[in-house]
Amino acid sequence: MTETYKNPYSAQLVPAKNIIDIVRALTAEKDINRLLEMILDEALRISTADAGTLYIVNKQATHLDFAFVRNKSLGVNSKYHKDMGELPSVPLYFRNGSPNMINISSCAALTGKTFNIENIYNSKEFKFSGARAYDEKTGYRSQSMLVIPMFNHENTIIGVLQLLNATNQETGEVVSFDQGLTGVAFALASLAATALNNRQLIAGLKHLFDSFIKSIAAAVDEKSPYTGGHITRVVELVRLIAQGINTETTGAFADFGFTADELEELKIAAWMHDVGKITTPEYVVNKSTKLETLRDGIHTVRLRFRLVAQELESMTWKKMATGSEHGEKPCQDEIKRVEDELQREKERLESDLEFVCQCNTGKFFMEDHHLQRLEEIASRRVFPGQMPLLTTEEMENLTIRKGNLTQNERQIIENHVIVTQKILNELPFPRSLHNVPKIASAHHEKLDGSGYPDGKDAAELNLATRIMAIADIFEALTAADRPYKHPMPLSKALDILDFMEKDGHIDKDIVRLFREKRLFAPYAEQYLKPEQVDI
């Protein structure tokens, strides 16, 4: 036989199955706001109350905050009332520190007692100033009241459930709350408190985790003044692309949509995608020119050229002076010739130095004739037996065709993805986030298998990893803080994405959606310089 609870104010019995359904619903609901609504709604339904309020103890444990207010007769479904504004919090303590035992809700929270009042207007124990003011403003008539404290698993009160005006379902008459019902309502409040407390703990842990990963990302960004903000910008691009995909009703993504868990997974992967750079040497991360290590080697090159010019001038005039001492005083024409030759040599040195400095910036692609000129400069020895103007190590750096990293340094940089993979694989991500390591460590992979670190191809790269790759590329192309290149105009960056898509490196459907739906527009407005936005 099915066990039932008899509600004295309802013609219906409440089967135990309904109670079980309530338990399941409360424990399954993930959204805290929805959970709070459910708690109040179920309490109203079981008690046949006309109105009710759910209070939550604030973080400082100084006040009871209104979470939700229901009033069926007035059609109120919010803690904000048109005639009263937002309902004020109830203080648990007065300014002098004494407990507030005047308000029935605060008294229940402080003492843990349940109060069942037959008629608030006849009560001498509490003033009910709030209820009276509410009645006066709205024309409502408060009468019976049931106030139940909500205990969590640590026996700490985290809220108060206040029910108003129990109603006889047959006559519509307002009656007092039956004492037998108090136990059921109390059990519901306790269950609700446990469910709410669990959600608050989960929300707190999630907030802690989000704050932690953002602090790690900030540390990675701060490691290099030239890439600060890179991770934050990639996160925003990933969000815009995923959001664009979810709102598509036609085309390649019409039948696809990321779930809330998948969006969270993608967001965390974006925040963590460069965590491996924590181990990358600073001299590589911060390398702003080709010759920079702990300091920019161009200063040494510049000093060498200056010394060579000074030595050349000194030796030239010393030779002239030596000839004069031996009675071979040079004629004016000879002096003029030597001066002109010296000036040409100094101008050549100055021109070569200026060219070397330009090559050092890494802001243009090194063509064959650039490399040839560097070879000529490096092979020059102004004086017999003297070291060349450029050393072998300097030449290795200066002859980098694109960017400012040598092959060895590029391998060091690329290793950050492997480190990211190792770090994230060690973290015990929950089931809903288990793909974070795979997504985060694949942002340099390409659909044709030519990427790194694993050389994965299209079959191994899901939509989330493809979004990450495009976001990372677009940010790098348009970033205005890279010292080795000029910030790229929006039109050129989009063209490069098109070229990469045609070469089979990145996903064509994402690129087309990104361009056609102008998903880049909010990003460009917030992060690009006005002169870059040429579309």
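Author: A helix here is a DSSP run of H or I of at least four residues, and helices are numbered from the N terminus. The model under discussion is predicted. Pro-453 sits in the loop that joins helix H14 (436-440) to helix H15 (463-478).

Reader: What makes the peptide bond from Tyr-452 to Pro-453 notable?

Author: Omega for the bond from Tyr-452 to Pro-453 is near 10 degrees, and the bond is cis. Most peptide bonds are trans.

Reader: What makes the phi of Thr-48 notable?

Author: The phi of Thr-48 is positive, about 55 degrees, and Thr-48 is not a glycine. Most residues other than glycine have a negative phi. Thr-48 is located in the loop between helix H2 (32-47) and strand E3 (49-57).

Reader: Why are H6 and H17 described as parallel or perpendicular to each other?

Author: Helix H6 (residues 230-246) packs against helix H17 (residues 508-516) at an angle of about 95 degrees, and their axes are 10 Å apart. Angles of 65 to 115 degrees count as roughly perpendicular. H6 and H17 are therefore roughly perpendicular to each other. On the H6 side, the contact is made by Leu-237, Ile-241, Gly-244 and Ile-245, and on the H17 side by Ile-510, Leu-513 and Phe-514.

Reader: What is the character of the residues in the contact of H6 with H17?

Author: Six are nonpolar, one is polar and none is charged. Gly counts as polar in this scheme, whereas Leu, Ile and Phe count as nonpolar; the polar member is therefore Gly-244.

Reader: Which residues lie closest to the centre of the second largest pocket, and how much space does this pocket hold?

Author: The second largest pocket holds about 660 Å³ of space. Its lining comprises 18 residues, and Ile-202, Lys-206, Glu-264, Ser-432 and Leu-433 are the closest to its centre. Two or more lining residues come from each of helix H5 (179-223) and helix H7 (260-272). H5 provides the largest share, seven residues. By class, the lining divides into eleven nonpolar, six charged and one polar.

Reader: How do you know where confidence in the model is low?

Author: The pLDDT, which runs from 0 to 100, gives the predictor's confidence in each residue. The protein chain averages 86, and 90% of the residues score at least 70. Over residues 1-16, however, pLDDT stays under 50, and the model has 30 contacts beyond four places in sequence for this stretch. Residues 80-84 are also below 50, with nine contacts in the model beyond near neighbours in sequence.

Notes: Residues numbered from 1 in each chain as written. Predicted model: local features only at pLDDT ≥ 70, side-chain atom pairs only at ≥ 80, totals over all residues. Heavy atoms only, no water. Axes fitted to C-alpha atoms, helices over the stretch in contact; angles between N-to-C directions. Parallel < 35°, antiparallel > 145°, perpendicular 65-115°, else oblique. Contact = heavy atoms within 4.5 Å. 1 Å grid on protein atoms, 1.4 Å probe; cavity = no way out; pocket = protein on both sides within 12 Å on 5 of 7 lines; lining within 4 Å. Points joined across faces, edges and corners; volume = space filled by probe spheres on them.
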